[in-house]
Amino acid sequence: MKKIVMFVYGTIATDARVQRAAACLARNFEVILLSVRGKSQVAVGDGKYSNIFIDCGFQRKEFKLFSFLSKCFELIKREKPDIVYAHDYYSTLLAYFLLRQRKRPKLIYDAHELIIPNAHYNIGRRLKFFGWFEKRIVNK
C-alpha cells in the first residue's frame, strides 16, 4: 500500500477539511498526518489514519513555524512516503526543499488560501516570502 504523509501547520482538531481529506485518502493509502500539538488534542480519524502531533517548543510564531517544518522534514525523510500532501501556504517552504531532494516523493499542494500580489494591496514581507516559494513549487 502506498504511503501519504500530510502536514498542516495548525491543530487538526479544528480543521475539518484536512480531516475529510485524510479519511478519504485512508481508504486506499496508508496516511500519516502531521500537525501541531495544541492545548487540547482530539483523537481524529477513527483509526483510519495516524496523526502525529508535533511539539514545536517555541512561543514566538516565527520560531514555532520553522521548528514544525524542520521536524516534518525529518519525519518525511524517515517515513519515505510515496506522496507528500501540503495543505497551506506555510508548507511551501518545506515543499520547496523536498522538491530539491534527489529522491523525492510526489507532491500535492492544496493551498487553502492564495497569495496573489495586488497593486492596490500590500501583502507584506511574510506573504511575499512564502509567495516566492509558492511560485517555485507550482511551476515544478
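## Exercises on a predicted model

Tyr 96 is buried, at 14% relative accessible area. The model is predicted, and the exercises below work through its fold, helices, pockets and rings.

### Exercise 1. The overall fold

Task: State how many helices and strands the protein has, and give their order.

Solution.
- Step 1. Count the elements: there are 4 helices and 5 strands.
- Step 2. Read from the N terminus on: β-α-β-β-α-β-α-β-α.
- Step 3. Turn to burial. Of the 140 residues, 43% count as buried.
- Step 4. Look at the contacts between residues at least 6 apart in sequence. Of these, 60% join residues at least 24 apart.

### Exercise 2. One side of helix H1

Task: Find the buried residues of helix H1 and explain why they lie on the same side of H1.

Solution.
- Step 1. H1 spans residues 16–25, and its buried residues are Val 18, Ala 21, Ala 22 and Leu 25.
- Step 2. Check their directions around the axis. They cover an arc of only 95°, so they sit on the same side of H1.
- Step 3. Ask what the buried residues of H1 pack against. The partners are strand E1 (3–8), strand E2 (30–36) and strand E4 (83–86).

### Exercise 3. Helix H3 and its surroundings

Task: Decide how far helix H3 is enclosed, then examine Thr 92.

Solution.
- Step 1. List the buried residues of H3: Thr 92, Leu 93, Leu 94, Ala 95, Tyr 96, Leu 98 and Leu 99.
- Step 2. That is 7 of the 8 residues, so H3 is largely enclosed by the rest of the structure.
- Step 3. Name the packing partners. The buried residues of H3 pack against E1, H2, E4, E5 and H4.
- Step 4. Place Thr 92. This residue belongs to H3, which covers residues 92–99.
- Step 5. Thr 92 has 0% relative accessibility and counts as buried.
- Step 6. Set aside residues up to four places away in sequence. Thr 92 then touches Tyr 109, Phe 130, Phe 133, Glu 134 and Ile 137.

### Exercise 4. Aromatic pairs

Task: Say how many aromatic pairs the whole structure holds, and classify the one between Tyr 96 and Phe 97.

Solution.
- Step 1. The search finds 3 aromatic pairs.
- Step 2. Take Tyr 96 and Phe 97. Their rings are 5.5 Å apart centre to centre, with 80° between the planes.
- Step 3. Planes over 60 degrees apart count as edge-to-face, and the pair of Tyr 96 and Phe 97 is edge-to-face.
- Step 4. Compare burial. Tyr 96 is buried at 14% relative accessible area, whereas Phe 97 is partly exposed at 40%.
- Step 5. Look for a cluster. Ring pairs link Tyr 9, Phe 68 and Tyr 90.

### Exercise 5. Two pockets

Task: Describe the largest and the second largest pocket by volume, lining and residue class.

Solution.
- Step 1. The largest pocket has a volume of about 210 Å³.
- Step 2. Its lining is made of Ile 76, Lys 77, Lys 80, Pro 81, Leu 98, Gln 101, Lys 103, Arg 104 and Pro 105.
- Step 3. Sort that lining by class: 4 nonpolar, 1 polar and 4 charged.
- Step 4. The second largest pocket has a volume of about 170 Å³.
- Step 5. Lys 61, Glu 62, Leu 65, Phe 66, Tyr 90, Arg 126, Phe 129 and Phe 130 line the second largest pocket.
- Step 6. This second lining has 5 nonpolar, no polar and 3 charged residues.
- Step 7. Assign the second lining to helices. Helix H2 (61–79) and helix H4 (124–138) each supply at least two residues. H2 gives the most, with 4 residues.

### Exercise 6. Two loop residues

Task: Locate Lys 80 and Asp 110, and say what stands out in the phi of Lys 80.

Solution.
- Step 1. Lys 80 lies in the loop between H2 and E4.
- Step 2. Recall the background: most residues other than glycine have a negative phi.
- Step 3. Lys 80 is not a glycine, yet its phi is positive, about 50°.
- Step 4. Is Lys 80 buried or exposed? At 64% relative accessibility, Lys 80 counts as exposed.
- Step 5. Lys 80 is also one of the residues that line the largest pocket.
- Step 6. Move to Asp 110, in the loop between strand E5 (106–109) and H4.
- Step 7. Leave aside neighbours within four places in sequence. Asp 110 is in contact with Arg 17, Tyr 85, Ala 86, His 87 and Asp 88.
- Step 8. Add a distance. Asp 110 and Ser 91 are 19 residues apart along the chain, and their C-alpha atoms are separated by 9.7 Å.

Definitions and conventions: Residues numbered from 1 in each chain as written. Predicted model: local features only at pLDDT ≥ 70, side-chain atom pairs only at ≥ 80, totals over all residues. Heavy atoms only, no water. Buried < 20%, exposed > 50% of the residue type's maximum accessible area, 1.4 Å probe, protein only. Arc of directions from axis to C-beta. Contact = heavy atoms within 4.5 Å. 1 Å grid on protein atoms, 1.4 Å probe; cavity = no way out; pocket = protein on both sides within 12 Å on 5 of 7 lines; lining within 4 Å. Points joined across faces, edges and corners; volume = space filled by probe spheres on them. Nonpolar A, V, L, I, M, F, W, Y, C, P; charged D, E, K, R; others polar. Phe/Tyr/Trp six-rings, centres within 6.5 Å; stacked < 30°, edge-to-face > 60°.
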